[in-house]
Amino acid sequence: MAKISIMPREEKFFDLIEAGAANMVRTAEALKELVNDWRDIPEKFHKITELEHAGDSVTHQIIAMLHRSFVTPFDREDIALLAHSMDDVVDFIHSAADYMMLYKVGKPNDRVRELAEIILLGAKEVVAAAPKLRKKSGLKSLLEHCIEINRLENQADQAYRAALVELFEEHNIADVIKWREIYESMESATDRCEDVANVFEGVALKNA
Amino acid sequence: MAKISIMPREEKFFDLIEAGAANMVRTAEALKELVNDWRDIPEKFHKITELEHAGDSVTHQIIAMLHRSFVTPFDREDIALLAHSMDDVVDFIHSAADYMMLYKVGKPNDRVRELAEIILLGAKEVVAAAPKLRKKSGLKSLLEHCIEINRLENQADQAYRAALVELFEEHNIADVIKWREIYESMESATDRCEDVANVFEGVALKNA
Amino acid sequence: MAKISIMPREEKFFDLIEAGAANMVRTAEALKELVNDWRDIPEKFHKITELEHAGDSVTHQIIAMLHRSFVTPFDREDIALLAHSMDDVVDFIHSAADYMMLYKVGKPNDRVRELAEIILLGAKEVVAAAPKLRKKSGLKSLLEHCIEINRLENQADQAYRAALVELFEEHNIADVIKWREIYESMESATDRCEDVANVFEGVALKNA
């Protein structure tokens, strides 16, 4: 705070939002690595935990800057909501991995890999969309990313249901409950990605 | 968009909101038909799926019109939230029916029929409330519908809990988990109905 | 309403918010008593039900006053959201107790007591934070309570996961499902406490 910076405050908000989005992609990639190659599990889980802490730090920086800034590039509440939603995506990814550890489940199946892929695609859409907040001219094209994130959320929802049906056919009840919890966390990660998209949509609507 | 219309833009928003509400009622009626008369199941499920697509189309039209309108009858974000909440009600109804198909459950019991009835009553309140958005003089009476929707949501919540208790007494664990998922989707439909009511309440509060 | 009062309207809003917060603490204390001393269960549950009704009454008073007030101390929607979130905390506490009755579960374990303690601590933070809404000079220190409520929500989340793992190790599947529902309601109570904190944060942000 004592440091003098030539970078204007508003730019710094966008930098932090983009840093949060980039951290989402890194966490989604770490989950994909974990479920696609079920080895060195403690190390991979440790990495996801570290990325979750990094995400917390970005969120705190955004909220703290909101409190010491008189001017913000768009509505304060929307910036706060965006920060919390991105944080939630990372938390749910961590939560899914955490349940895999806690329940000592075996090797993830194709459905888990499918859900991890959808989460990563959603995070990548957020990364592609975030820089478009910087300029009024970018706001229109923001909406295409929102539509794609919505489509991915629907896809995750269908994968989740198919996964549940398969669970009942192939596993005992204890495994059904355990994996259901994991699937649910993964599906929630895409839901929160949609929350991010809804903030984007709202910002585009208000500033159109 | 090239078509010249004598209908003012603002009226068109209300028309679409009412179309979305009417589609909610039709979907709730289709669910009630399905669970009350457990025959011709694929046809009835197909109808619910078609209504879900019709609902998506209304939602997209509302959001698209938000983006090309300079003036909106009430806050843009509230219109978007209303559209998404109505969409969610229909999605959860579809989701409940979808689980019934996927899990190949048997004939629905009285509790399922009770929940379907509550969802329909909630949707009918939304249909009755929506036209009151058109005039400032209607906003006060909007709140009576909100109170009724809240009451119905509480009733759904109680039916959901009673249904769970009965599940444990009468079924094996696999059925408990399957029906719980169906009950949960139905209860969520009434939760989202309450989200619609909250938007109504907010609009009435802001414009009182 | 016919009564003449020297107390200005705005003060009355704060009084009601503080009454709602105090009721949250009383309900959380009643839950703690229930799970720490598993005797006189019907009486203790009855007390929680009464506190839930008292909470409903405060919520209705806040919403009703919103509708007949031209001036409000902060944004109408935020006051409504705050009232509904405090109501939800109490509802989830009641819901957890209700499931314990309905499912006729045995004596609660340490994890349940841990969750009840976290809910109470969260409610106490809300009580400590609420009076700071009254003065602009208090808004900054509001955020410290929000941070603490967030921390407690994370702690509840960890307790919830640990509780689930222990459930699988120590209980049969029917008990796993029943207790999971109870844990989930308790964890949701702390989530809604975080919603309260988010409204506080938003108010502080908008009026900073």
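**Where chain C meets chain B**

Start at the axis: in chain C, the residue that comes closest to the rotation axis is C:Ile173, with its C-alpha at 4.4 Å. Before going on, a word on the model. It is predicted, so local features need pLDDT of at least 70 and side-chain atom pairs count only at pLDDT 80 or more, while totals for chains, interfaces and linings use all residues. Side-chain values use heavy atoms, with hydrogens and water left out; residues are numbered from 1 along each chain as its sequence is written, and chains are lettered from A in the order in which they are written.

Now the symmetry. Turn chain C by 120°, with 0.0 Å of shift along the axis, and it superposes on chain B at an RMSD of 0.0 Å. The two copies are therefore related as by a three-fold rotation axis. Superposition here is by least squares on the C-alpha atoms of residues with pLDDT of at least 70 in both copies. The copies use different surfaces, though: 15% of the contact residues of chain C recur in chain B.

What about chain A? A turn of 120° and a shift of 0.0 Å along the axis lay chain A on chain C, with an RMSD of 0.0 Å. In chain A, A:Ile173 comes closest to the rotation axis, at 4.3 Å by C-alpha.

On to the interface. Chain C gives 20 residues to the contact and chain B gives 15 residues; contact means heavy atoms within 4.5 Å. Together they bury about 1600 Å², and 64% of that is on carbon and sulfur atoms. Buried area is the accessible area (1.4 Å probe) lost on putting two parts together, summed over both.

Which side chains pair up in a salt bridge here? C:Glu181 and B:Arg180 do, at 3.0 Å from N to O. Across the interface there are 3 salt bridges, each a side-chain nitrogen of Lys or Arg within 4 Å of a carboxyl oxygen of Asp or Glu.

Which elements of chain C touch chain B? Helix 2 (41-68), helix 3 (76-102) and helix 6 (173-206) each give two or more residues. Helix 3 gives the most, with 9 residues. Helices are DSSP runs (H or I, at least four residues), numbered from the N terminus.
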